[in-house]
Amino acid sequence: MHRPFRRAVLVALAATTALTAAAPAVAAPTAPALQDPAVPGAVRTAPAEPRWGACARDPQDTHGARLDAAGVRCAELTVPVDHADPGGPTLTVAVSRLAATAPDGGLGPLLVNGGGPGGRGLHLPLDAAAALGETAGRYDLIGMDPRGIGRSTPVDCGWPTGSAIRSAGTGLLDFLTASAAQRELAHACHETAGPLLPFLTTRQTAGDIDHLRAALGARRLHYLGYSYGSYLGQVYGQLFPDRLGRTVLDGVIDPDRYGAHPLADTTAANEAALREWAAWTADRHATYRLGRDADAVLREVSRLVGAAAARPLRVGDHRLDHHTLPVLHLSSLGTDTDAARDSLARTTGLLARAADGERVTAHADLDRRLRLLLTADHSAFGSAQTAVLCGDAVDTRTTLARYLALRAESARHPFAGPVAGNTTPCAHWPEPREPLTDVDDATPVLLVAATADPRTSYDHARAVRERRPDARLITLEDSSQHGVFGVLGNRCVDDAVNAYLATGRLPATDLTCAPR
C-alpha cells in the first residue's frame with residue numbers, strides 16, 4: 001500500500017513534459033552561460049551547487065528531523081526576485097534531495113510538486129519514494145518549497161484564515177458582504193507584502209526550477225506534478241522545452257482555462273461528487289442517521305447551510321456561517337475513499353447536532369480543517385496560494401457582471417456554484433506584470449486523471465491530450481479522486497506510471513483503469 005501524498009485541505013486549483021529517451025539526463029557539474037527563453041535577452045551563468053545539509057533547524061523541528069532520519073538533505077538556493085533582472089534583488093528557495101542509490105548514479109533529478117499553489121514540498125521526496133518503489137533509487141528525488149511558501153522567502157498577509165475560498169451565500173446583500181471580505185484580504189496583502197507580490201507567479205517559479213536544474217548540473221530535469229503542479233510543469237516545459245525530461249502530470253489543468261477562478265468549471269463535478277457521497281451515506285443510514293436516500297441526505301446538508309445563515313453553528317470555539325460551511329463540505333470531496341466519506345458523514349452529523357442547539361466539540365480531523373478555514377494558523381498558506389493565482393491573472397469583470405454570472409451558475413449548481421463563482425481577492429489585485437503563458441508545447445507527457453475529479457475536471461486532461469498527439473492519458477474510471485498516482489494504491493495506474501518513469505517509454509496507447 002502506497003503512503004498518500006500530503007496535500008493541503010483546501011486546494012484552490014483543484015486545484016495541476018516529457019522526452020521518452022531513456023538516456024540519463026545529467027550533464028557535467030558546470031554549464032556555460034544560458035540564454036533564458038522565458039526572459040528573452042537575459043543571460044545567466046550556472047549558479048553554485050546547493051550546499052546540502054541537515055533539514056532540521058533546531059531540536060523542536062520534528063518535520064526536519066523526520067527528513068534527516070530518512071536520509072533527505074536540505075539546502076537553500078538564492079534566486080533573483082525577477083528572472084528578467086538576474087543581477088537585481090534576490091530571495092531564497094528551500095529545496096530537499098533524496099539521493100539516487102543506483103550504482104551508475106541514476107537518471108538525474110526528478111522534481112515533485114504537490115500542487116496548491118501554496119503547497120510545501122520539502123517532504124515530497126519521501127512520499128514519492130514510497131510511490132515509486134524500486135524506481136525511486138534511479139532518481140535524485142527533489143522537493144521544493146516554491147517562492148513565497150514555507151521555508152523559502154515567505155509571504156504572509158496576516159489573514160484571519162488559511163483560505164480565501166468562501167461561499168457567496170444567497171442574494172445580492174450576501175454577495176456584496178462576501179466581496180467586501182475579499183477586498184479586505186487583498187488589501188492586507190498589498191499592505192504587508194506589496195513589493196514581492198508581482199513576482200509570486202508561475203513563470204517566476206518556473207525560472208526558479210530552471211535555476212535549480214542548473215545548480216544541480218543537470219542537462220534535463222524530470223518532473224512529477226499534481227493539480228496546480230501540472231500547470232507549473234506545462235509552463236516550465238513551454239519556457240524551457242529542451243530541459244524537461246520524463247514528465248507525469250496528475251490531476252491535469254488545461255492551461256487554456258487556468259485563471260483567477262480556479263474552481264469555475266468544476267461545479268458540475270462537485271455537485272456529482274456531493275450526490276455520490278450522499279448516496280454512500282444513505283446506504284449506511286443505520287450508522288450516520290442523515291437520511292435513507294441521497295435526496296434526504298442532501299436536504300440535511302441544505303438545512304445546515306440555512307441554519308448557519310440564521311445563526312452561525314458553534315463547534316467548540318469555532319463558528320461556521322453560510323459563507324464557510326459549504327466550503328467545509330466542498331473541501332472533503334477531492335477523494336472518494338471510504339475513510340474520507342466516513343469523516344464527512346460524521347462531520348455532517350456533528351454539525352446537525354450543533355444546528356439543533358447541542359454543544360459539540362470537533363474531532364481531530366475536523367478541528368484541523370476548521371483551524372485552516374477559520375483561524376490565522378495557516379494564513380501563510382492562503383496568502384501564498386492567492387498571491388500566485390492573482391499574480392498570474394486577475395478578475396477584471398465589473399461587480400454586476402460577477403454577480404449575474406454567480407446567479408446563473410448557482411441556479412444550475414446550488415451547492416458548488418456559490419463557492420466556485422464567488423468573488424476572490426483577484427478582483428482587487430493589480431494587473432499582472434506579464435501575461436499568462438501560451439502553452440503550445442507538444443512534447444510527449446504522461447497524463448493521469450479520474451473521470452469524476454471535482455478539483456480539475458476530466459475534460460481538462462482530455463483537452464491537453466488532444467493538443468499533444470504523442471502524449472498518453474491514463475484514465476481512472478468512476479472515481480472522484482483528485483491526484484491518483486501513489487495516492488489510492490491503484491495498481492493499474494501505479495504500475496503504468498512506474499514503468500514509464502523506469503524506462504522512459506510511454507504506454508503504447510491510452511490506458512483505462514478500473515477504480516478498484
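In this predicted model, R257 and D254 are joined by a salt bridge in which the closest N and O atoms are 3.3 Å apart. The two partners sit in unlike surroundings: R257 has a relative accessible area of 34% and is therefore partly exposed, whereas D254, at 3% relative accessibility, counts as buried. Salt bridges that share partners extend this contact into one network, which joins D254, D256, R257, D265, D459 and R467.

The structure has 26 salt bridges in total, and two others can be set beside the one just described. R275 and D295 approach to 2.8 Å between their closest N and O atoms. Because R275 lies in helix α6 (residues 267-282) and D295 in helix α8 (residues 294-310), this pair ties together parts that are 20 residues apart in sequence. R275 is partly exposed, at 39% relative accessibility, and D295 is likewise partly exposed, at 39%. The side chains of R371 and D377 also meet in a salt bridge, with an N to O distance of 3.5 Å, and here R371 is partly exposed, with a relative accessible area of 36%.

| Salt bridge | N to O distance |
|---|---|
| R257 and D254 | 3.3 Å |
| R275 and D295 | 2.8 Å |
| D377 and R371 | 3.5 Å |

**The sheet**

The strands β3-β4-β6-β5-β7-β8-β11-β12-β13, in that order, make up an open sheet of 9 strands with mixed pairing. β3 (73-80) and β13 (511-513) stand at its edges with a single partner strand each, so one side of each is left without a neighbour in the sheet. From one strand to the next, the twist averages 20 degrees. At the β13 end, strand β12 (residues 472-476) pairs with β13 in the parallel sense over 3 bridges, and within this pairing T475 has T512 of β13 as its bridge partner.

Strand β7 (residues 221-226) can be followed in more detail, since the pairings on either side of β7 are both described. With strand β5 (residues 109-113), β7 runs parallel and is joined by 4 bridges; L110 has H222 in β7 as its bridge partner. With strand β8 (residues 244-250), β7 again pairs in the parallel sense, here over 5 bridges, and the bridge partner of L224 in β8 is V248. Between these two strands the chain passes from β7 through helix α5 (residues 228-239) to β8, in a β-α-β crossover that is right-handed.

How is β7 placed with respect to the rest of the structure? Because 6 of its 6 residues are buried, β7 is largely enclosed by the rest of the structure. This holds for both faces, with L221, Y223 and G225 buried on one side and H222, L224 and Y226 buried on the other. H222 and L224, which belong to that second side, are also the residues named above in the pairing of β7, H222 as the partner of L110 and L224 as the partner of V248.

**Aromatic contacts around helix α5**

There are 6 aromatic pairs in the structure. One of them, between Y231 and Y258, is stacked, with 3.8 Å centre to centre and 20 degrees between the planes. Since Y231 lies in helix α5 and Y258 in the loop between β8 and α6, the pair ties together parts that are 27 residues apart in sequence. Both rings belong to buried residues, Y231 having a relative accessible area of 2% and Y258 counting as buried at 6%. Ring pairs also bring in Y228, so that Y228, Y231 and Y258 are linked into a cluster.

**Helices α12 and α2**

Helix α12 (residues 379-392) consists of 14 residues and reaches 20 Å from its first C-alpha to its last, close to the 20 Å expected at 1.5 Å a residue. As 13 of these 14 residues are buried, α12 is largely enclosed by the rest of the structure. Helix α2 (residues 124-132) contains L124, which counts as buried at 1% relative accessibility. Measuring from C-alpha to C-alpha, L124 and H428 are 33 Å apart in space, with their positions 304 residues apart in sequence.

Methods. Residues numbered from 1 in each chain as written. Predicted model: local features only at pLDDT ≥ 70, side-chain atom pairs only at ≥ 80, totals over all residues. Heavy atoms only, no water. Expected span 1.5 Å × (residues − 1). Buried < 20%, exposed > 50% of the residue type's maximum accessible area, 1.4 Å probe, protein only. Pairing = 2+ DSSP bridges. Right-handed = clockwise from strand over helix to strand, strands pointing away. Salt bridge = Lys/Arg side-chain N within 4 Å of Asp/Glu carboxyl O. Phe/Tyr/Trp six-rings, centres within 6.5 Å; stacked < 30°, edge-to-face > 60°. Axes fitted to C-alpha atoms, helices over the stretch in contact; angles between N-to-C directions.
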